[in-house]
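Colleague: I am new to reading structures, and I would like a close look at the part where the two chains touch. Could you then walk me through whatever else helps me find my way around?

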Amino acid sequence: MMLSASFTYRKVVDRGMAAVCAVCFVAAFVPLVSVLWLVISKGAAGLSWAFFTELPKPVGEEGGGIGNALLGTLYMVGLACLIGLPLGVGAGVYLAEKGEGTVGNTVRFMAEVLSGVPSIVIGIVAYALVVIPMGHFSAWAGGVALAILMIPTLARATEELVRLVPGSLREASLALGVPNWKTSLRVIIRTAMGGIVTACLLSVARAAGETAPLLFTALNNQYWNVNPGAPTASLTVAIYNYAISPYDDWHAKAWTASLVLLIVVGLLNIASRVLTRSRLKGAR
Amino acid sequence: MTPAVPAQAMTPERPAPPPPTVAQQPPLTAGTETPFKVEVQDLNVYFRANHAIRHVSLGVKPQTVLAVIGPSGCGKSTFIRALNRMHDLVPGARVEGKVFVDGKDLYARGIDPVLLRRRVGMVFQRPNPFPTMSIFENVAAGLTLNGIGGNHAEIVERCLRQAALWDEVKDRLKHAGTSLSGGQQQRLCIARALAVEPEVLLMDEPASALDPIATAKIEELIHELKEKYTIVIVTHSMQQAARVSDNTAFFYLGELIEMGQTAQIFTNPRERRTEDYVTGKFG
């Protein structure tokens with residue numbers, strides 16, 4: 001009697017919990033799908049070859065594209081990678097391999113605090129660090145701001161990934177007479193590499209989607225620019241400018257530019273999966 | 001319990017006088033000719049304040065197998081890991097005493113632990129193939145990582161044959177090392193250890209994670225490897241010690257209680273504690 005009652009009770013609780021989870025799933029899924037749907041439905045119409053390759057046209061003129069902003073985003077994210085990836089991954093490896101003691105703990109704490117700093121604050125810091133000394137807005141300033149944004153999260157992610165590599169692999173390598181540094185590089189980091197590449201691409205995707213750090217560092221530019229010392233357009237700032245404008249034509253362009261940004265970020269996510277697929281048969 | 005002892009176990013032992021415990025034997029003079037491939041003199045290992053290995057002295061002759069037995073936590077693994085300086089990287093670990101390989105003290109100043117470890121190979125309790133490497137690359141890892149040239153294909157085949165794994169993997173050398181079964185992975189790790197041509201092979205409970213069939217294969221392998229290598233094996237299983245070893249050392253609470261020919265340790269131990277352990281009264 002007792003047993004059957006508790007069995008029924010458990011079944012009810014089980015169903016109830018499953019229902020709660022399903023509701024949560026739907027609640028989380030609805031905004032995601034609606035964002036995708038809204039951006040695709042409003043932006044897809046504006047997609048054309050010209051949109052990717054042409055410069056923006058003045059208000060009232062038909063056509064024109066966001067080619068310079070797309071290039072600017074790729075360019076500044078590239079600069080950010082140049083600075084941020086080696087520093088972030090390097091710091092993470094240091095934290096994992098030699099990060100005991102005061103220095104390591106301080107660095108770890110700083111990285112944690114930094115990764116929580118709002119991106120607009122990082123934009124101000126880059127403004128003070130780069131824009132003011134240079135005297136003008138530039139792609140460098142934008143790249144530095146994005147790099148500062150990438151480094152702490154990347155360092156922490158890399159540290160966790162390197163720490164996940166079982167110590168038994170290090171022992172196996174050392175027991176073969178492999179020196180410490182080579183063990184770290186060719187066994188430990190090699191094993192964590194798949195995860196590190198994913199972490200890098202995700203931080204790149206995040207940087208590509210940032211607006212605040214670029215607003216007063218790279219500013220904007222109506223023309224093509226590959227000079228790192230000059231103001232540079234970016235997708236996110238272009239979206240911002242188009243969206244706050246009073247013109248319907250520009251609103252449509254903001255939607256299409258948003259779609260392009262989603263596609264860029266999506267491609268980076270797919271790339272991270274493809275790149276980290278094991279080349280070995282039967283790998284687990 | 002009187003387990004069957006293989007004929008190899010009857011090789012003449014060093015004519016040690018029977019003192020109360022081996023641990024208290026006077027250490028052999030350093031640098032002189034000894035019959036031992038590996039010789040340990042008054043070895044102590046500390047983990048911070050914990051004195052894990054206490055005044056252990058013993059010797060292993062070339063081309064013999066020494067089994068190290070004892071209850072959990074008695075320091076078997078700690079002892080064997082001291083023989084190729086695996087404690088170097090453990091924070092707070094400290095090793096005192098002398099370990100000679102071919103008469104050279106491993107813990108003397110100026111000894112490079114990296115070069116030493118190429119001569120003293122190790123196989124671990126759990127199979128640990130490198131997950132990013134194929135079967136072939138795993139066996140050749142010691143060569144490629146150390147920049148040792150030569151015909152790797154030939155070496156890999158020879159080591160896999162020595163480890164009795166060749167026939168099972170020869171058609172899938174490019175598959176992941178981790179795609180093999182547990183027993184195969186352990187033989188892969190043995191092949192990997194053999195590829196750098198060590199002279200001494202340390203095995204830390206190599207069969208404890210394996211099923212009886214895989215265990216039998218590893219034991220068979222130890223018999224064959226003995227012809228070329230000097231082997232020290234830590235084992236939980238007294239039957240295994242009896243099957244594979246020439247000599248057996250019994251550790252208890254960090255001390256070497258007794259060491260002798262395997263047959264003698266199991267049938268006629270000198271020490272009361274050894275007898276209690278091998279007859280299953282504790283442990």
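Modeller: Happy to! Let us start where the chains meet: 26 residues of chain B are in contact with 22 residues of chain A. Keep in mind as we go that this is a predicted model. On the chain B side, three elements each supply at least two of the touching residues: helix 2 (113-119), strand 6 (120-123) and helix 3 (135-145). Helix 2 of chain B gives the most, with four residues. If you sort the residues on this side of chain B by class, you get 11 nonpolar, 10 polar and five charged.

While we are in chain B, have a look at two residues with an unusual entry in their backbone angles. Arg48(B) is not a glycine, and yet its phi is positive, at about 50 degrees. You will find Arg48(B) in the loop between strand 1 (38-47) and strand 2 (50-60) of chain B. Arg48(B) counts as exposed because it has 9 C-beta neighbours inside 10 Å, and the cut-off for exposed is 12 or fewer. His55(B) also has a positive phi, of about 45 degrees, without being a glycine. His55(B) sits in strand 2 of chain B. With 18 C-beta neighbours inside 10 Å, His55(B) counts as partly exposed.

Now turn to chain A and its helices. Two packed helices are described by the angle between their axes and the distance between the axes. Try this on helix 10 (residues 235-244) and helix 11 (residues 248-275) of chain A: they pack at an angle of about 155 degrees, with their axes 8 Å apart. Angles over 145 degrees count as roughly antiparallel, so helix 10 and helix 11 of chain A are roughly antiparallel to each other. Their crossing is left-handed. Helix 10 of chain A brings Leu235(A), Thr236(A), Ala238(A), Ile239(A), Tyr242(A) and Ala243(A) to the contact, and the residues from helix 11 of chain A include Trp250(A), His251(A) and Lys253(A). By class, this contact holds 10 nonpolar residues, three polar and one charged.

Stay with helix 11 of chain A for a moment. It has 28 residues and reaches 41 Å from its first C-alpha to its last, close to the 40 Å expected at 1.5 Å a residue. Among its buried residues are Lys253(A), Ala254(A), Trp255(A) and Leu261(A).

A second pair in chain A is worth setting beside this one. Helix 4 (residues 101-115) and helix 6 (residues 139-164) of chain A pack at an angle of about 125 degrees, with their axes 8 Å apart. That angle makes helix 4 of chain A oblique to helix 6 of chain A. The crossing of helix 4 and helix 6 of chain A is left-handed. From helix 4 of chain A, Ala111(A), Glu112(A), Leu114(A) and Ser115(A) meet Pro152(A), Thr153(A), Ala155(A) and Arg156(A) of helix 6 of chain A. This contact has four nonpolar, two polar and two charged residues.

Finally, find Phe109(A), which is also in helix 4 of chain A. Phe109(A) is exposed, because there are 10 other C-beta atoms within 10 Å. To practise reading distances, trace from Phe109(A) to Phe216(A): they are 107 residues apart along the chain, and their C-alpha atoms are separated by 28 Å.

Terms used:
Residues numbered from 1 in each chain as written. Chains lettered and ligands numbered in written order. Predicted model: local features only at pLDDT ≥ 70, side-chain atom pairs only at ≥ 80, totals over all residues. Axes fitted to C-alpha atoms, helices over the stretch in contact; angles between N-to-C directions. Parallel < 35°, antiparallel > 145°, perpendicular 65-115°, else oblique. Left-handed = near helix turned anticlockwise from the far one by under 90°. Contact = placed C-beta atoms within 7 Å. Nonpolar A, V, L, I, M, F, W, Y, C, P; charged D, E, K, R; others polar. Expected span 1.5 Å × (residues − 1). Buried ≥ 20, exposed ≤ 12 C-beta atoms within 10 Å, placed from the backbone.
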